[in-house]
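Good morning, and thank you for the invitation to speak. I would ask everyone to look at the structure on the screen while I go through it step by step.

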Amino acid sequence: MPDYESLWSGLGIDLKPHTELLEALLPLYQEVYLSQKNRPRGMEYFDFVVGEIHGLRVQELNDFRRQGGKVVGTFCIYVPEELVLAAGGVYVGLCAGVEVGTAQVEAVLPRNICPLIKSFMGFKLARLCPYFESCDLLVGETTCDGKKKTFEILADYAPVHVMEVPQKKEAPDQELWLAEIKKLVARLEELTGKKVTYESLRKAIWQLNAKRRALRRLAELRRADPPPISGLDALLIFQIAFYDDVERFTEKVNALCDELEERIHQGVGVVPPGTPRLLVTGTPMAIPNWKLPHLAETSGAVIVAEELCTGYRYFQNLTEEEGGSLEELLVNVARRHLAPHCACFTPNGGRLEDIERLIQEYRVDGVISYILSFCDPYAVEHYQVEKFLKAQGVPVLKAETDYSMQDAGQLKTRIEAFVEMLRQKA
């Protein structure tokens, strides 16, 4: 990696613990990712992105800001990326998947709160994330009470705009959401000094849809038996999708898919045919949270689909590209971004339908219900998920965990037993 110390210093990063963080990430990545066998060649680009995780992309953002551009940080798939691009900005996802800045976070937040919330606040308060420090505006959303109240505290440290995500999807909720979309447009126009126009929004919709189509293509190729790519590598691509340059990322994903199609044609897979196939559903897995997929795929199984925000929910819906006016395009954006079935919604039968469809399309043998500690929406909704799966005769394993490795041994034992049960059932 080139020397980015002056870049980080200029952003106000606390260099010593930041260096320690990066030094810890490299061996973890080597153990989890580079130890995999028979990986596609196209993963070299995504390995490079991780190798430069706080480098090249941060430099690109810094150069963009020096030219007068604005960078917007987001925490959720309900924040429309199209609007940021249409207003002339660049967006980056800021959710994080590692324990950092614990002392600083616990000075302002409860100790027993969602690890994802503690992580992104830890990065900000401990000044360890150059993406945070590159942002001119942070856009939060009310998908859970923990995040909603945390954004009030975060506003003491950076400019924050919060979108109210309705808890239902009926007509009045759709009207509320469209109003929230328009409020965000006004805030972004104020930030960038540029108007969101019919032309700029339509172009942004097209760019984001192209990215989603590439990710859909990648996901659909995993239906093959044997799958041509591991669940770990697919997850990494989904994670990188939140902060890489849109057009470059789309090109690299499509190039990888070309290779995967050839591997399928040749019968080349990352595991033997007939390997137990898993679906993971639940809370998102922000980079570098690779614990559960690594444990699953070193226990004799392969993950073929994720009903997660870092997975299917992110790319399942496209934004309608046709519209005769800016107002119609905004309605299209609002409709698309209210479609995914987060556990914050009630009732949430659409999520069960998505899980059932993925099980059928990807020939899933068993489901892991992944829940971050203290994530009440997904922890409570697990009851509905488990009841539904049992009625369908689909085995399910509940995995409630955090970002530490303290429970890795116990989790691996449980996953190995689950996979062995799937083998016997087959």
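I begin with an empty space inside the protein: the largest cavity has a volume of about 90 Å³. Please keep in mind throughout that this is a predicted model. A search of the whole structure finds 4 cavities of 30 Å³ or more. For those new to the subject, rolling a probe the size of a water molecule over the atoms shows where empty space is left.

Which residues line the largest cavity? They are Tyr45, Phe48, Val49, Glu52, Ile53, Leu56, Arg57, Tyr131, Tyr243, Asp244 and Arg248. By character, this lining divides into 7 nonpolar residues, 4 charged residues and no polar ones. Two helices, helix 3 (43–51) and helix 4 (56–66), each supply at least two residues of the lining. Helix 3 gives the most, with 3 residues.

The cavity also leads us to the domains. The domain assignment of the protein chain gives domain 1 (4–185) and domain 2 (203–317 + 343–425). Each of the two provides at least three residues of the lining of the largest cavity. The centres of domain 1 and domain 2, taken over C-alpha atoms, are separated by 21 Å. Across the two domains, 48 residues of domain 1 are in contact with 52 residues of domain 2.

Let me now turn to the sheets. One open sheet has 4 strands in the order 2-1-3-4, with parallel pairing. At its edges are strand 2 (90–93) and strand 4 (160–163), each of which pairs on one side only. Neighbouring strands of this sheet are turned by 25 degrees against each other on average, direction ignored. Strand 1 (residues 71–74) pairs with strand 2 in the parallel sense over 4 bridges, and Thr74 stands opposite Gly93 in strand 2. Helix 10 (residues 171–192) lies across strand 1, strand 3 (137–141) and strand 4, and runs at about 165 degrees to strand 4.

Another open sheet is formed by 4 strands in the order 6-5-7-8, and the pairing is parallel. Its edge strands are strand 6 (302–307) and strand 8 (396–401), each pairing on one side only. On average, neighbouring strands here are turned by 25 degrees against each other, direction ignored. Strand 5 (residues 277–282) and strand 6 pair in the parallel sense over 5 bridges. Where does Thr281 find its bridge partner? The partner is Glu307, in strand 6.

Two helices accompany this sheet. Helix 18 (residues 376–392) lies across strand 5, strand 7 (366–372) and strand 8, running at about 170 degrees to strand 7. Helix 19 (residues 408–425) packs on the sheet and touches strand 5, strand 7 and strand 8. The direction of helix 19 makes about 170 degrees with that of strand 8.

I close with some details of the backbone. Most residues other than glycine have a negative phi, and most peptide bonds are trans. The peptide bond from Asp225 to Pro226, however, is cis, with omega near 5 degrees. Pro226 lies in the loop between helix 11 (198–221) and helix 12 (231–240). The bond from Thr346 to Pro347 is also cis, with omega near -10 degrees, and Pro347 lies in the loop between helix 16 (326–337) and helix 17 (349–361). Finally, Asn38 has a positive phi, near 60 degrees. Asn38 is found in the loop between helix 2 (15–34) and helix 3.

Definitions and conventions: Residues are numbered from 1 along each chain as its sequence is written. This is a predicted model: local features need pLDDT of at least 70, side-chain atom pairs count only at pLDDT 80 or more; totals for chains, interfaces and linings use all residues. Side-chain values use heavy atoms; hydrogens and water are left out. On a 1 Å grid over the protein atoms alone, a cavity is a set of points where a 1.4 Å probe fits but cannot get out, and a pocket is an open set with protein on both sides within 12 Å along at least five of seven lines; lining residues have an atom within 4 Å of a point. Grid points are joined across faces, edges and corners, and a volume is the space filled by probe spheres set on the points. Ala, Val, Leu, Ile, Met, Phe, Trp, Tyr, Cys and Pro count as nonpolar, Asp, Glu, Lys and Arg as charged, and the others, Gly among them, as polar. Domain bounds come from an automatic or database domain assignment. Two strands pair if DSSP finds at least two bridges between them. Axes are lines fitted to C-alpha atoms, for helices over the stretch in contact, and angles run from 0 to 180 degrees between N-to-C directions. Contact means heavy atoms within 4.5 Å.
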